[in-house]
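These are my notebook entries on one structure and its ligand. I began with the surroundings of the ligand and then turned to the protein itself.

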Amino acid sequence: RMNQSNRMLLPDGTSLPRIGQGTWNMGDDNSRREEEIAALRLGVELGMDLIDTAEMYGDGRSELLVGEAIQGIRDQVFLVSKVYPHNAGNEHLIRSCEESLKRLNTDHLDLYLLHWRGDIPLEETVVGMEKLVSQGKIARWGVSNFDVDDMKELLGIAGGTHCATNQILYHLGSRGIETELLPWQRSHKIPVMAYSPLAQAGSLRKGVIESEVVQEIASAHQATPLQIMLAWTMREEDVISIPKASSRKHVIENAAAGLITLSNDEIWKLDEAFPIPSWKVPLDMI
Ligand code: NDP
């Protein structure tokens, strides 16, 4: 089970695990439903008690699955969902949130994110988010896929400083945020929530897990290369990563990754093999 050193505090004192659970593509296949629910519940038991979903995922199917998985343990879970940009204004925002709550079978979200920036003015979204907070439907709100300029704009508008996190793509094979966005967020005490920390299952992941350095470090820790990718995200205390695992086996491995501490020498070797870009690059997104 992950332990206290695997947790961080939000500025408001809320304790969060530094490895949570993503749920994109979960709930799509009925034959896997029981295993997926068991995996999420086991993840919570093992200390990965933050669950991330979105109204977009499977057109609500992910939220329905999560709703089922958290029955009886709702108060142990930090529940995150996201609103489509085109739903992020006025009454649409309120309605989207209420519909998410219904699917999730709960009366509040711990965090509600704008999934990415769309055409609705940020001011309108912030007003709506603050209204949801005052109605008790969400405890706090944040954004996702915002680059530095978007973040600066957000913090410049009334209420914008209440933004609790920016959920962005971040893994060993994609370190662009370390040039500007991550340091900027750090200086404003806005933690990064790292999505696709295992680089999904594509060619970028292949590049990481087939690297000799990663393989060497993995065998030194009797771990898999993917566990090293997760352990790497934990070298920083203010990054929360949200791997998606739909089997108990993967959940157990991911929680165990939280117990791996990379040495400074190993971190340095990984820096050399997967360097931070030398200049600001546009935010990577999926
Ligand atoms: P991840 O990088 O988390 O990779 C998920 C893949 O890795 C799945 O195929 C999963 O397989 C596999 N996997 C997980 N654990 C292991 C393990 N221990 N060993 C081997 N394979 C493993 O990709 P995601 O894109 O899903 O990102 C994670 C979450 O981030 C999403 O689910 C979503 O909640 C969020 N996200 C947010 C975005 C945004 O725009 N805000 C965009 C993208 C993601 P299996 O299912 O079989 O366990």
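**Entry 1: the shell.** I first asked which helix gives the most to the shell around the ligand. That helix is H10, residues 248-257, with three residues in the shell. I record at the outset that the model is a predicted one.

I then looked up the residues around the ligand and found 27 of them. Those that come nearest are Asp 52, Arg 205, Lys 244, Ser 246 and His 250. Sorted by class, the shell holds ten nonpolar, twelve polar and five charged residues.

**Entry 2: polar contacts and cover.** Next I examined nitrogen atoms of the ligand and the side chains that face them. For Gln 167, I noted a polar side-chain atom 2.8 Å from a ligand nitrogen. For Asn 254, the corresponding distance from a polar side-chain atom to a nitrogen atom of the ligand is 2.9 Å. For Glu 253, an N or O atom of the side chain lies 3.0 Å from a nitrogen atom of the ligand.

I also looked up how much of the ligand the protein covers. On its own the ligand has 900 Å² of accessible area, and the protein covers 88% of this. As to its site, I found the ligand in the largest pocket.

**Entry 3: salt bridges.** I searched the whole structure for salt bridges and obtained 23. I took one of them for a fuller record: Arg 7 pairs with Asp 49, and their closest N and O atoms are 3.1 Å apart. Arg 7 belongs to strand E1 (residues 7-9), while Asp 49 lies in the loop between helix H1 (33-45) and strand E4 (50-52), so this salt bridge ties together parts 42 residues apart in sequence.

**Entry 4: backbone angles.** Finally, I looked up residues that have a positive phi although they are not glycine. Asn 105 is one of these, with a phi of about 55°; I located Asn 105 in the loop between helix H3 (90-104) and strand E6 (111-114). Gln 200 also has a positive phi, of about 50°, and is not a glycine. I placed Gln 200 in the loop that runs between strand E9 (192-195) and helix H7 (203-209).

Methods
Residues are numbered from 1 along each chain as its sequence is written. This is a predicted model: local features need pLDDT of at least 70, side-chain atom pairs count only at pLDDT 80 or more; totals for chains, interfaces and linings use all residues. Side-chain values use heavy atoms; hydrogens and water are left out. A residue is near a molecule or strand if one of its heavy atoms lies within 4 Å of it. A polar contact is a pair of N or O atoms within 3.5 Å; within protein, one must be able to donate a hydrogen and the other to accept it, and residues adjacent in sequence count only if both atoms are side-chain atoms. Accessible areas come from the Shrake-Rupley method with a 1.4 Å probe; for residues, only the protein chains shown count as cover. On a 1 Å grid over the protein atoms alone, a cavity is a set of points where a 1.4 Å probe fits but cannot get out, and a pocket is an open set with protein on both sides within 12 Å along at least five of seven lines; lining residues have an atom within 4 Å of a point. A molecule sits in a cavity or pocket if more than half of its atoms lie within 2 Å of its grid points. Helices (H or I, at least four residues) and strands (E, at least two) are DSSP runs, numbered from the N terminus. Ala, Val, Leu, Ile, Met, Phe, Trp, Tyr, Cys and Pro count as nonpolar, Asp, Glu, Lys and Arg as charged, and the others, Gly among them, as polar. A salt bridge is a side-chain nitrogen of Lys or Arg within 4 Å of a carboxyl oxygen of Asp or Glu.
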